[in-house]
Amino acid sequence: MAGPSTRRQVRRFASLDEIAEAAELLDVTFLEVSGRRLFDQQEARPEEDGRTSLLTWLREGDDGTVLEVRCRLEVGNTQADFAVDAVAAFSAGGPFELTPGLQQRFIEQIGITVLYPYLRESLHSTATRLGVDTPMLSLRNPWRTAE
């Protein structure tokens, strides 16, 4: 005789608004905050050699009940190189599934938007501690797509 089913029902979100309503921010964790002055160069690096890149990842954790968005920001200017890597964990209230398109929209419009102020502040405080010019990032998430 088979016992009662312990399998939980999986929620399938149909829209970004639906998951935004259900998602609850659990935590923001830093994996790396670093800065390195460029002392080894005789002359400052030309401005065109500066760079800014943002990499993102999405991971489902805790048996499909938590959604984690990881952002790694790397910035270089004429005086220093910086890296800030952080993860925002969201609870969806139970097991869930997202289509690939909805996953990407969640990363861009919710995950990065939540993490971006943390990335900016970490970059600013690291530059201050190093005594170098702070690379300026926009006030808003520049990677957010238009709705």
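This report describes the fold, the aromatic pairs and the salt bridges of a single predicted model.

**Overall architecture**

The chain contains two helices and six strands. Along the sequence these elements follow the order β-α-β-β-β-β-β-α. Of the 147 residues in the chain, 39% are buried. Contacts across the sequence are frequently long in range: among those between residues at least 6 apart, 70% join residues at least 24 apart. The chain exposes about 9100 Å², and carbon and sulfur atoms supply 48% of this area.

Helix α2 spans residues 100–130. At Ile112, α2 bends by about 45 degrees. Gly131 follows α2 and has a positive phi, near 75 degrees.

**Aromatic pairs**

The structure holds three aromatic pairs. One of them joins Phe30 and Tyr118, whose ring centres are 6.4 Å apart and whose planes stand at 65 degrees, so the pair is edge-to-face. Because Phe30 lies in strand β2 and Tyr118 in helix α2, this pair ties together parts that are 88 residues apart in sequence. Phe30 has a relative accessibility of 35% and therefore counts as partly exposed. Tyr118, at 36%, also counts as partly exposed.

A further edge-to-face pair is formed by Phe90 and Phe106, with 5.2 Å from centre to centre and 85 degrees between the planes. Phe90 belongs to strand β5 (residues 80–91) and Phe106 to helix α2, so the pair ties together parts that are 16 residues apart in sequence. Both Phe90 and Phe106 are buried.

Phe30 and Tyr118 also take part in a surface feature: together with Val33, they make a nonpolar patch of about 250 Å². The strand that carries Phe30, β2, covers residues 24–37.

**Salt bridges**

The model has seven salt bridges. Three of them are set out below.

| Salt bridge | Closest N to O distance |
|---|---|
| Arg12 and Glu97 | 3.2 Å |
| Asp81 and Arg36 | 3.0 Å |
| Arg72 and Asp85 | 3.3 Å |

The bridge between Arg12 and Glu97 connects strand β1 (residues 11–12) with strand β6 (residues 96–97), so it ties together parts that are 85 residues apart in sequence. Arg12 has a relative accessibility of 56% and counts as exposed, whereas Glu97, at 39%, counts as partly exposed.

The bridge between Asp81 and Arg36 links strand β5 to strand β2, so the parts tied together are 45 residues apart in sequence. Asp81 is buried, with a relative accessibility of 12%, because the term covers residues under 20%. Arg36 is partly exposed, with a relative accessible area of 44%.

In the bridge between Arg72 and Asp85, Arg72 lies in strand β4 (residues 66–76) and Asp85 in strand β5, so the pair ties together parts that are 13 residues apart in sequence. Arg72 and Asp85 are both buried. These two residues also belong to a network of salt bridges that links them with Glu32, Arg70 and Glu74.

**Strand β5 and helix α2 in context**

Strand β5 recurs in the contacts described here. Asp81 of β5 is bridged to strand β2, Asp85 of β5 to strand β4, and Phe90 of β5 is paired with Phe106 in helix α2. Helix α2, in turn, is also joined to strand β2 through Tyr118 and Phe30.

How values were computed
Residues are numbered from 1 along each chain as its sequence is written. This is a predicted model: local features need pLDDT of at least 70, side-chain atom pairs count only at pLDDT 80 or more; totals for chains, interfaces and linings use all residues. Side-chain values use heavy atoms; hydrogens and water are left out. Patches are made of residues with over 30% relative accessible area and no salt bridge: like charges are joined within 9 Å, nonpolar side chains (Val, Leu, Ile, Met, Phe, Trp, Tyr) within 5 Å. Accessible areas come from the Shrake-Rupley method with a 1.4 Å probe; for residues, only the protein chains shown count as cover. A salt bridge is a side-chain nitrogen of Lys or Arg within 4 Å of a carboxyl oxygen of Asp or Glu. Helices (H or I, at least four residues) and strands (E, at least two) are DSSP runs, numbered from the N terminus. Buried means under 20% relative accessible area, exposed over 50%, partly exposed in between (1.4 Å probe, protein chains only). Rings of Phe, Tyr and Trp (its six-membered ring) pair if their centres lie within 6.5 Å; planes under 30 degrees apart count as stacked, over 60 as edge-to-face and the rest as tilted. Contact means heavy atoms within 4.5 Å. The bend at a residue is the angle between axes fitted to the seven residues ending there and the seven starting there.
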